[in-house]
Amino acid sequence: MKVTIFGTGYVGLVTGACLAEMGNHVVCVDIDAGKVERLKRGEVPIYEPGLESIVQSNHASGRLDFTTEAAPAIAHGELIFIAVGTPPDEDGSADLQYVQKVAATIGRHLERYAVVVNKSTVPMGTADRVREAIAAELAARRATVEFDVVSNPEFLKEGAAVEDCLRPDRIVVGASSTRAVALLRKLYAPFNRNHDRMVVMDERSAELTKYAANAMLATKISFMNEIANIAERVGADVELVRQGIGSDPRIGYSFIYPGAGYGGSCFPKDVQALERTAHAHGYEARLLGAVEAVNRQQKGKLFELISRHFDGQLAGRTIALWGLAFKPNTDDMREASSRRLMEQLWEAGAKVRAFDPEARDEARRLYGERADLVLCEHAMDAVQGADVLAVVTEWKTFRSPDFAAIRAALAVPAIFDGRNLYDPAVVEEAGLAYYGIGRGRSL
Ligand code: UGA
């Protein structure tokens, strides 16, 4: 099928490459000419396992192209995806100006029936607003062209986005037109594998499904962080509690890992946006507010532990920090817990020696050259000459370090394990003090 995608960010690029991989002819549009040129050369601006190779191979085979020209791209697509950003505005609501601009552009150039597919995470009712924006442009040029707007939210996880896109566990389609549903069924047929994964519903339910999924996941994390905070006060180990409750299939083992808080471009933004939407409709979403508040507090947890260890005297100290990205397998530092920790440490007069397998360039871009941040090439370089070590992201390479070497390198042998990666007994046996999240001994 012929597909057009507006926006070559995370969602747009992964979706475009995966649809091309499935045999469709995909044109991706972006207003950033430099980015389009780089993509044409096969340079992928984000670190995402497997993405670069499918971008390159599908571009080479002619099934995936990139352009800044909206009009020919709109003429190309029988399905036109909107996958541009919806950043939070000042009050936390999703800012729809980019979605609206694309909708207007589609209205200005559309010449024949197409299905406009909303992939961006957008508040309930946006499909209607996109429909209105397109219709207004068509009316302005006195054109009568049929079109449908559907909501088809994505559920990609950074670091596993290609896999999630090629093998989705569900495909949510919000549509009110059978013609549009039929086209999406055709597009997604190869993704269905053994059974039909498409869940068809109305547009608003599809839009809310996206927020509900992220809010539920964020709730699980904040809930476990709250249990961790109780555990350390009552002398229990949250890791044992986690195993104890996860065995109940109604609760499940996944997404109940306590830690230094959730980050990324989705959870913080989407929980806030849902809360704002509820508020705008006269409902106070107290649970969502609490999920956010617990997370905000949790992001300060490592600093609190480190500061207490040094009796609040952090000036002149050097902290080794492993993990800058908001989670493993990405170089994304948006809302990362590492940022809050570094900023708090700097404010208290401490220096940071940081290592991350992928996010060092991103850290350089965000913070520039500064005397109190050294970005190290290897994990063990970060530890050399530092007082203590804080582990913020659960990269696999951090899972079984040489504790004896860490002990020898640190001036004050202590590990602050922000993701509960280590067995406290093993760390302590190596002669290091151990601080985890909710493990009975931190307070
Ligand atoms: C999230 C959702 O998982 C995707 O399903 C969704 O499509 C995506 O948002 C989106 O809206 O686009 P992502 O932001 O890539 O994906 O990251 P997650 O893997 O969900 O992790 C988010 C944060 O939660 C990370 O900081 C991670 O460290 C933290 N986390 C996760 C925990 O603290 N504990 C857990 O048990 C799991």
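Reader: Why are α9 and α12 called oblique to each other?
Author: In this predicted model, their axes come within 9 Å and cross at roughly 55 degrees. Angles under 35 degrees count as roughly parallel, over 145 as roughly antiparallel, 65 to 115 as roughly perpendicular and the rest as oblique. The crossing of α9 and α12 falls in that last group, and therefore the pair is oblique. The axes here are lines fitted to C-alpha atoms over the stretch in contact, with angles running from 0 to 180 degrees between N-to-C directions. Helices (H or I, at least four residues) and strands (E, at least two) are DSSP runs, numbered from the N terminus.

Before going on, two notes on the model. Residues are numbered from 1 along each chain as its sequence is written. As this is a prediction, local features need pLDDT of at least 70 and side-chain atom pairs count only at pLDDT 80 or more, while totals for chains, interfaces and linings use all residues.

Reader: Which hand does the crossing of α9 and α12 have, and which residues of α9 meet α12?
Author: It's left-handed, a label used if the near helix is turned anticlockwise from the far one by less than a right angle (clockwise would be right-handed). On the α9 side you'll find A215, A218, T219, S222, N225 and E226, meeting L287, L288, V291, V294, N295 and Q298 in α12. Two residues count as in contact if their C-beta atoms, placed from the backbone, lie within 7 Å.

Reader: What makes up that contact of α9 with α12, by class?
Author: There are 6 nonpolar, 5 polar and 1 charged. Nonpolar covers Ala, Val, Leu, Ile, Met, Phe, Trp, Tyr, Cys and Pro; charged covers Asp, Glu, Lys and Arg; the others, Gly among them, are polar.

Reader: How are helix α11 and helix α12 arranged?
Author: Helix α11 (residues 267–280) packs on helix α12 (residues 286–298) at about 150 degrees, with the axes 9 Å apart. That makes α11 roughly antiparallel to α12. Their crossing is left-handed. V271, Q272, L274 and E275 of α11 make the contact with L288, G289, V291 and E292 of α12, a set of 4 nonpolar, 2 polar and 2 charged residues.

Reader: Which hand does the crossing of α5 and α6 have?
Author: α5 passes α6 in a right-handed crossing. The axes of helix α5 (residues 97–109) and α6 come within 7 Å, at roughly 40 degrees. The residues of this contact divide into 10 nonpolar, 3 polar and 2 charged.

Reader: How is the protein chain divided into domains?
Author: Into domain 1 (2–200) and domain 2 (202–443), with bounds from an automatic or database domain assignment. Their C-alpha centres lie 33 Å apart, and the contact takes 25 residues from domain 1 and 24 residues from domain 2. On the side of domain 1 that touches domain 2, β7 gives the most, with 3 residues.

Reader: What surrounds the ligand, and which residues come nearest?
Author: Of the 20 residues around it, E158, Y257, Y262, G264 and C266 come nearest. A residue counts as near if its C-beta atom, placed from the backbone, lies within 6 Å. Domain 1 and domain 2 each provide at least three residues of the shell, and helix α9 (residues 203–234) gives the most, with 3 residues. By class, the shell has 11 nonpolar, 5 polar and 4 charged residues.
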